[in-house]
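Work through the exercises below with the model open. Each task is followed by a stepwise solution.

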Amino acid sequence: MTDARSGATAAQAVPRGAPPPRGFLRQILRLAGPYWISARRRKVRVAVFALLLLTMAQVALSVWGNFWNRELFDALEQKSVSGVLLQVGVFALILLVSMAVTAAHLMIKRWLQLDWRRWLTERLLRRWLEDGRHFRLQFVAGEHDNPDARIAEDIRIATESAIGLGHTLVFSLLSLLLFIDILWTTSGTLRVPGTTLDVPGYMVPLAFVYAVGGALLGWLFGRTLVRSSDALQTAEASFRYGLARVREHGEAITLVHGEPRERLGSGVRFADVARDWDRQSWALLGLVSFSTAYGALLPIFPILVAAPQYIAGAMTLGVLMQAAQAFQRVTSALSWPVDNLGEIARCRTSAERVLSLYNDVEALNGGAGEGPRIERREAIEPRLAVADLTVHDPAGHVVLEHFAANIERGERVLLTGDPAATSSLFKAIAGLWPWGSGVVELPPHARIAFMPQRPFLPAGTLREALCYPEPPEAWDLPAIRWALECAGVAWIAPRLDESADWDAVLPLRARQRLGFARVLLQRPNWIVMEEASDAFDARGERLILDMLRHELPDTTLVTISFHPGLEKLHDRTIHVRRAR
């Protein structure tokens, strides 16, 4: 039977909850679309409108440059010094305006990318860190591994790429509309050899044939890039997560001499990275090879096609160069899908990873899946009541069955018995564990402190760790010193403003004493402890419980412990048995 503490072993057997809506685009709009109509929509719409105007200005500048190119080569063909000097001055003006437009566009685009990322990060963090979902998520099946990387990295990639792709797409569409007209006008009419058929604007259909052919070949070469990029990002995230776990549990790994096993595991994960890297390399090889040939031929092809017109005297050198440049602009606009295939794959991969995490977090909305769930509500009377409580792990294995208890205000109750059952009971009362059935009624308007075996001490100053989750200014120095002295760690007071990773620096007994000091500062009227003093010796445990009785005389205390001799420090004892 699976222990409730290690329910992750059965995670793969758990459904993901309600299925997400069909359609990738629909899901993305559901997740990220509200940004554009959020409270900051005025700034966002102004930024988008400014980006659109600046993009139009960039296209207008490229058209201006196209006509400038024509005038320059005509002046060169005519060997006109004054004409060349005039075009040098015009070019300087185009250059200055282009620099200003590009700089403004860059700053507004980066602001919009960061603002969208900030909004989406806040939304996903709020969902993920709400109602213990970040804890329960690890026990359910689904594509939500490495949520930290999905929030920090994949949101960044998705938002930056989406806005960048949107800009280049608009630029390409506007360029296509304007330069098709230029290309149609400059290319003139071509008579098909041996016939009387004239083809007006013949370079326009050639541009479409060139671009469409290139797009089809590019798609054939790059169709595996999306899958290989997705696999590589997942492998990279798993590799980083494994290394982070080694750092977090360095002491335990060292004590059991687990370094060879960790090196082996890291090697296996990096082998997955190398395998997916090679797959992406082969996918990129064909695409890059084709793109190189496609790009190298692009400047030459239109000149060769239009050369007969120039040789026949139907167009000047300036018109020839203008037509060639317009041909490049049209084909570049039409080739937008090919040119951005890699970025589209990168953007979609990251968006899918963010969306998968969001969907799985949303599936945990109050229920963590289908089937009956433990109901947790506020009682009418000032008591903690548990009625017909059954707790099972995510796979459905029952750990605690039909448990009932009533704890009145002011009581001191010891819970002992089977560790798996008491741990499940603690998590159910705290609202961490919804899998099961029955009712947990909490005392109304009560300040309840739940004390786990290992208190969380965030990295930072000791004062911040002690006052967590309140700000360090919540209590003054005398109150903090008093709490440390009552908890038996007055010796650490000189280090209050010292920053460190306190989970790694302090032994478990000192960390547990800091947990009691934190409770003394918060002064709750209900305390529920799960082996919060198991690192103490018998005398130390009796002293800390006596201290709580003396300093918090009106506080109800529920203690989960398996140490002998604690019965006399409590009003009554409840034996919690594991389900058969």
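**Exercise 1: Helix H19**

Task: Check the length of helix H19 (residues 538–551) in this predicted model, then find its buried side.

Solution.
- Step 1. At 1.5 Å a residue, the 14 residues of H19 should span 20 Å. The C-alpha atoms at its ends are 20 Å apart, so the two values agree.
- Step 2. Buried residues in H19 are Gly 540, Glu 541, Ile 544, Leu 545, Met 547, Leu 548 and Glu 551.
- Step 3. These cover an arc of only 150 degrees around the axis, so they lie on the same side of H19.
- Step 4. Arg 539 and His 550 are exposed on the other side of H19.
- Step 5. The buried residues pack against several elements, including strand S6 (412–417), strand S11 (526–530) and strand S12 (556–560).

**Exercise 2: Strand S12**

Task: Place S12 among its neighbours.

Solution.
- Step 1. In S12, 5 of the 5 residues are buried, so the rest of the structure largely encloses this strand.
- Step 2. Thr 556, Val 558 and Ile 560 point one way, Leu 557 and Thr 559 the other.
- Step 3. S6 runs parallel to S12, joined by 4 bridges. Leu 414 has Thr 559 as its bridge partner.
- Step 4. S11 is also parallel to S12, with 5 bridges. Here Trp 526 partners Thr 556.
- Step 5. Together, S11, H19 and S12 make a right-handed β-α-β unit.

**Exercise 3: Cysteines**

Task: Why is Cys 467 not bonded to Cys 486?

Solution.
- Step 1. The whole structure holds 0 disulfides.
- Step 2. The closest cysteine sulfur to that of Cys 467 is in Cys 486, 15 Å away, which is too far for a bond.
- Step 3. Cys 467 is also buried, at 0% relative accessible area.

Methods:
Residues numbered from 1 in each chain as written. Predicted model: local features only at pLDDT ≥ 70, side-chain atom pairs only at ≥ 80, totals over all residues. Heavy atoms only, no water. Disulfide = S-S within 2.5 Å. Buried < 20%, exposed > 50% of the residue type's maximum accessible area, 1.4 Å probe, protein only. Helix = DSSP H or I, 4+ residues; strand = E, 2+ residues; numbered from the N terminus. Expected span 1.5 Å × (residues − 1). Arc of directions from axis to C-beta. Contact = heavy atoms within 4.5 Å. Pairing = 2+ DSSP bridges. Right-handed = clockwise from strand over helix to strand, strands pointing away.
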